[in-house]
Structure formats: structure tokens, C-alpha cells
Amino acid sequence: MKRLKIKEVLAGGQVGQQVLVKGWVRTKRGSKNVNFIALNDGSTIHNLQIVADVEKFGEELLKEINTSTSLAITGELVESQGSGQAVELNASDIIIYGKADPEKYPIQPKKHSLEFLRENAHLRFRTATFSAVFRIRHAMAFAIHKYFNDKGFYYLHTPIITASDAEGAGQMFRVSTLPAVNPPSTEEGDVDFAQDFFGRPTNLTVSGQLEGELGATALGEIYTFGPTFRAENSNTTRHLAEFWMIEPEMAFYELTDNMDLAEEFLKYLIEYALENCLDDLKFLSNRLQQEEKDKPADQRSMELIEKLQFVRDNDFVRCTYTEAIDILKNSKPYKKGKFQFPVEWGIDLQSEHERYLVEKHFQKPVILINYPKDIKAFYMKQNDDGKTVAAMDVLFPQIGEIIGGSQREENYDKLVARMEEMDIPAEEMWWYLDTRRFGTVPHAGFGLGFERFILFVTGMGNIRDVIAFPRTPKNAEF
């Protein structure tokens, strides 16, 4: 008999149908006469209830069935006596694949803290919360590829090992085959990278953007979607050392085109989640409401599905950085000294400032543009005022910045002058500058941090809970 997934059984199983299902036990309860086993195979947030007759299977076999025991069960679908599902499975045959000793298996059917589950990240997929998160993560990854494919973009695999620092931040992980102890040195006493595998210092990439621009100036419209790495010693709920980025780059796009694409892209993904992940979203929403029920009303998050609909249904407000600074300086939190960080023209806005603009002032998602050039990267197009660049950040409720991007500087002389100002050696970036020497065009792009976006869609509070195996300072377990 062909195995059916539990999602298929719950969606289309008919009373009287003989089926074979396989999965892991979530819970088991029962009496002297009958046991009820909640079986889950990862295909859906919902469990299939298995009815097992004690006399038929014997107490010895049923005692071996505990939380996370893996089973194959054949039986007849019958009308469910309980609420929540139309059918349950009256078992006629049970095969135990793998036992799970309840004295040793750490994730028993009770409330566990997220910190505890991070310590057991290899098993946390088996909880309802994390199975929901990772089904949604998959759906969003698929939707990203579908969106760009349907728009005629090309998926470009940019290198993970690179000799350039796209952000100019310098917080990069070195890639080397030189011995850790007593590496070869130059006459000046520095490490002699000429003897290293690539013959020069190399690192794990912080962004695929620079290489993405090379593709866009030939293919027209490309996107990257891959892992990126930052050696930033940040133990926060929003930072990872290894995370995934989506970075489209488009020839012949200017700043307005870039904003239009970012807004359309985000709304598409959210609509896809609402259409295809609703059961998981409802579960995560209920979980969040239970967590926050004791908080004062003004400190509770917006209900998850309502929040997603809010972003999908509202036009994003477009506002300059200078206008945003004026709004913040005229705000009640500023006048009452409630902001933790100062507000003045030239600062890099903090999350508290971004969230005030989105949640309190505009009450809509916001795209901020035209930031001071001194706080932005060398490759951003310089505006005519000499002070700002054609940058854009998309700000979301409860999270702040979710996308950062810009129109890129296509003028060779301006780009070289800016690189000199920022001590970026032009001779090492000759290949990047070639795109401005030969057939330069206006072009633009942005980056979406995938985990930040999954945080928003799932309502989870810590970025370590939306990536399978988080890499953070002093943590590379699993």
C-alpha cells in the first residue's frame, strides 16, 4: 500500500478508506481499552489521531509508544469523534521503527523555553512551533525564486569566498589554508598570504552585491540568494554570524524603480504566505497571543495575520531622511527624552526611531530615501546636493529596517573619488570599475535579510529561532 502524507489524509481522506501513514508520535493518551496517538509527519501543523485498540495490539506494544517514537500505521479512516478534524485512523497494524525513551528524550509534551530548544536545535524541528517556522521558511524561499523567475530575472550564484569587502566594514571571516601556528611571514614580519591557497587574503562574503552588479550590467536583471557572513560580535535577537540574503540588481533602474520593486516584492511574499501557510500562521499567531496575554494592551504586538494583511494592503509611505529627522525632532518621545539614542541630521537611525516612524507617525510601512553619504557605502549614487546619496531603506512595524538598497553610482570619476575618500584601493577593484568604464548605465539594487523577513512573517522574537542551526558568537554547535 502506498504511504499517504498526513496533510493529504486530513485534506481528502474518505471514511472507509484504507491508508498507510508514517510519522512521529506527538502525544499518546488512553485508557484500559483504547489508546489515542497523535501522529505527525511534518507535512502539516495538524496531527492525525490514531485509535489503537488495547486488546488488539496488547499493552506491551503500546507501552513502547511514547513521544517521538516513529511508527508506520495501517488502518481504516473513520469519522472523528473529536473536534478539529473530520477523520481519524482506526489502526489495524502498527510497526515501530524507532523507540524514544521518555526518560532520556528531552522534548516531552510540555512547555519548553525557546532557550532550551536552542540547546536542542537538532530535535526542535519536532515541535509544533519549529515545524511551522521551517515550513514557512521553505515557502518563502520558493516564493522568492518564483517571483523573480516570473519577472524574467536570472538567478546568479555569486562567490562565497571573496577578496573584496562589499560593505567596507572589515568584519569578515578569513579563509586560509596557512597553518594557524607559525604561518609563513614576509621580511616585514607580516603573514605571507602569497603562500596561501589563493595567493592573497580571502574571506567569507558579506554580500553578493558587487558581483551581482557585474551580472546585471550584461544580463539586465539578476538576483542572488545565498549565505553571507559577518564577524560582528553582536549577541542580540537580530544578529547572526551566518545568514541568508536576497540581493537583486537591475540595469536601467533608478531609485524610484528600485522602491517600486522592493514594495511589490515584499507584498508578493506576504500574499504568498497568507495563501499557502495559513494553518501554520494561525498556530504561530495563537502562540504569540498566549505569550503576550499578560502584557498591558499597549505593549502587545499586532496580531500576526492582521500585521501581514496591514503590510500587504497599505501603500508604503516614501519619505526623505531629512524629513524623517524633522518628524522625530518634533515627536513627543523626543521632546520628553524617551528616545535612548540621540536624533540629529547625520546619524544612522536606530530601530527605535524607525519603529516610531512606522508604528506611531505614519502607521504604515515606510521607505526612507536620500541618506547622508557619510553613513552609507561607497557604491551609492551621489545626489546633486553633495551631502546625500540615493539610498533607500524599507521599514516595517515591530522590526524596523528590513531592506536596504540604493541606486548605484554609475559615474566612473565620482565613484573613484568616493573610493579614495573612504580609503578603498581602486587598483584592487579594477574589475568593478570596468563596468563604469565600458558601457555604464544607471542601475540599482537592494538586499533583503532572509532571516529578518522570516522573523516578521512568523512573529518569532529571536532571529536564532528562524534559522535551522544559528551561528553566533561562541556558538557553532550542530
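Me: Let me start with one pair: are Arg408 and Glu249 buried or exposed?
Reply: In this predicted model, Arg408 is buried, and Glu249 is buried as well.

Me: And what do their side chains form?
Reply: The side chains of Arg408 and Glu249 meet in a salt bridge, at 2.5 Å from N to O. This pair links distant parts of the chain, 159 residues apart. Arg408 belongs to strand β15 (residues 400–408), and Glu249 to strand β11 (residues 242–251).

Me: How many salt bridges are there by this rule?
Reply: The count comes to 24 salt bridges.

Me: Which residue does Asp150 pair with?
Reply: Asp150 forms a salt bridge with Lys146, and their closest N and O atoms are 3.0 Å apart.

Me: Where do those two lie?
Reply: Both Asp150 and Lys146 are in helix α5 (residues 128–150). They are 4 residues apart, about one turn of the helix.

Me: Why does Asp150 count as exposed, and what about Lys146?
Reply: Asp150 counts as exposed because its relative accessible area is 52%, and the cut-off for exposed is over 50%. Lys146 has 33% relative accessibility, so it counts as partly exposed.

Me: What about Asp315, which residue is its partner at 3.8 Å?
Reply: Asp315 forms a salt bridge with Lys267, with 3.8 Å between the closest N and O atoms. The two come from distant parts of the chain, 48 residues apart. Asp315 sits in the loop between α9 (304–313) and β12 (317–320), whereas Lys267 is in helix α7 (residues 255–276).

Me: Are they buried or exposed?
Reply: Asp315 is exposed, with a relative accessible area of 56%. Lys267 is buried, with a relative accessible area of 17%.

Me: Which residues are joined with them into one network?
Reply: Asp260, Glu263 and Arg318 are joined with Lys267 and Asp315 into one network, through salt bridges that share partners.

Me: Changing topic, what are the domains?
Reply: The domain assignment gives domain 1 (6–109) and domain 2 (126–171 + 206–465). Domain 1 contributes 10 residues to the contact, and domain 2 contributes 9 residues.

Me: How far apart are the C-alpha centres of the two domains?
Reply: The centres of domain 1 and domain 2 lie 44 Å apart.

Me: How much area is buried between them?
Reply: About 730 Å² is buried between domain 1 and domain 2, with carbon and sulfur atoms giving 50% of that area. On the side of domain 1 that touches domain 2, the residues divide into 4 nonpolar, 5 polar and 1 charged.

Me: How many salt bridges cross that interface, and how many residue pairs are in polar contact?
Reply: The rule finds 0 salt bridges across the interface of domain 1 and domain 2. The polar contacts between the two domains come to 4 residue pairs.

Terms used
Residues are numbered from 1 along each chain as its sequence is written. This is a predicted model: local features need pLDDT of at least 70, side-chain atom pairs count only at pLDDT 80 or more; totals for chains, interfaces and linings use all residues. Side-chain values use heavy atoms; hydrogens and water are left out. Domain bounds come from an automatic or database domain assignment. Contact means heavy atoms within 4.5 Å. Buried area is the accessible area (1.4 Å probe) that two parts lose on being put together, summed over both. A salt bridge is a side-chain nitrogen of Lys or Arg within 4 Å of a carboxyl oxygen of Asp or Glu. A polar contact is a pair of N or O atoms within 3.5 Å; within protein, one must be able to donate a hydrogen and the other to accept it, and residues adjacent in sequence count only if both atoms are side-chain atoms. Ala, Val, Leu, Ile, Met, Phe, Trp, Tyr, Cys and Pro count as nonpolar, Asp, Glu, Lys and Arg as charged, and the others, Gly among them, as polar. Buried means under 20% relative accessible area, exposed over 50%, partly exposed in between (1.4 Å probe, protein chains only).
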